Amino acid sequence: MKKTAKKPIFSQLRAKIASNIILSVLVLAIGVLCLAPMEKSLAVGGEETKIYRNAGVNAKGVSLMFNVYWGTDEVYQILDVLESHGAKATFFIGGCWADDNVDCLRDIYVKGHEIGNHGYFHKSHDTLSVVQNQREIANCNRFIELAIGIAPTLFAPPSGAYGNDMLLACKALNMTTILWSKDTIDWRDKDRALIYQRATSNVQKGDFILMHPMAETVAALNDILLYYKNNGLETVTVSENIQEKG
């Protein structure tokens, strides 16, 4: 009887140890990638990558975009609210957040949301060289791919800061640059009413709505999604909206 009772405990322990080993290997792998030198830029032509500030005339609906460098608890609450409305969103992930929150990253993906790239260390990409841009973007992509099996194709530069070198780096990495048409500025103002107003005022198909995992954003999100639904607006991922494979 004693052996039978202990067996499930040992099985759970082995599973937990195996999971921790996999996670450790994952973090080690990205550490090696971050330290590895990138001697030269990938070959690129003169044409820059396309920038989307909205989804254009053929848009399917509106797209909520969550830039994630903090707020793991809030991310889980956002996922719950989105699920309750059958809504999908695009989460632009910071690599240095993801390497501490692999399980959360995987949960976002498993729940059917889109994963985008927000750089590894939240740098000002308008000040970086082509090579430096490639390192920031590529390292974040590699970590995400190691974690969920798919590399992002969309890049949202932190603070919306971009320059020619960043655009050339994105072209070399086959990434599409995403900005926004409506900014809730939730990270600064932390005001539920303002967040709601900025996410809904004059909203139309094709809008990209920028948000962050803030407590006030979580508090406003249900009403925002109700407003979209009541006004015939579907909430879809960025790639679905611009009709590109994500």
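In the predicted model, F121 is partly exposed, its relative accessible area being 45%. Y120, in contrast, counts as buried, at 3% relative accessibility. The structure holds three aromatic pairs, and Y120 and F121 form one of them. Their ring centres lie 4.8 Å apart and their planes meet at 70°; because an angle over 60 degrees counts as edge-to-face, the pair is assigned to that class.

An edge-to-face arrangement is also found for Y196 and Y227, with 6.3 Å from centre to centre and 85° between the planes. This pair links distant parts of the chain, as Y196 belongs to helix 8 (residues 192–200) and Y227 to helix 9, with the two positions 31 residues apart in the numbering. Y196 is partly exposed at 31% relative accessibility. Y227 likewise falls in the partly exposed class, with a relative accessible area of 28%.

The largest nonpolar core has 38 residues. Those with the most contacts inside this core are L64, F66, L82, F91, I93 and Y228. Helix 9 supplies the largest share of the core, namely six residues. A second core, separate from the former, has 12 residues, among them Y52, M65, L154 and I178.

The surroundings of I93 were examined further. When neighbours within four places in sequence are left aside, I93 is in contact with V68, A98, L105, I108 and I115. The contacts of I93 further include G116, N117, H118 and G119, together with C140 and I144.

T237 is placed in the loop between helix 9 (215–230) and helix 10 (238–242). With a relative accessible area of 11%, T237 lies under the 20% limit and is therefore classed as buried. The T237 side chain reaches the backbone nitrogen of E240 at 3.1 Å, a separation within the 3.5 Å limit for a polar contact. Apart from neighbours within four places in sequence, the residues in contact with T237 are S63, K88, A89, T90 and E114.

Helix 9 thus recurs in several of these descriptions: the helix contributes six residues to the largest nonpolar core, carries Y227 of the pair with Y196, and borders the loop in which T237 is placed. The accessibility classes of the residues treated here divide into two groups. Y120 and T237 are buried, whereas F121, Y196 and Y227 are partly exposed.

Technical notes
Residues numbered from 1 in each chain as written. Predicted model: local features only at pLDDT ≥ 70, side-chain atom pairs only at ≥ 80, totals over all residues. Heavy atoms only, no water. Helix = DSSP H or I, 4+ residues; strand = E, 2+ residues; numbered from the N terminus. Buried < 20%, exposed > 50% of the residue type's maximum accessible area, 1.4 Å probe, protein only. Polar contact = N/O pair within 3.5 Å; in protein donor to acceptor, adjacent residues only side chain to side chain. Contact = heavy atoms within 4.5 Å. Core = buried A, V, L, I, M, F, W, Y, C linked by side-chain atoms within 4.5 Å. Phe/Tyr/Trp six-rings, centres within 6.5 Å; stacked < 30°, edge-to-face > 60°.
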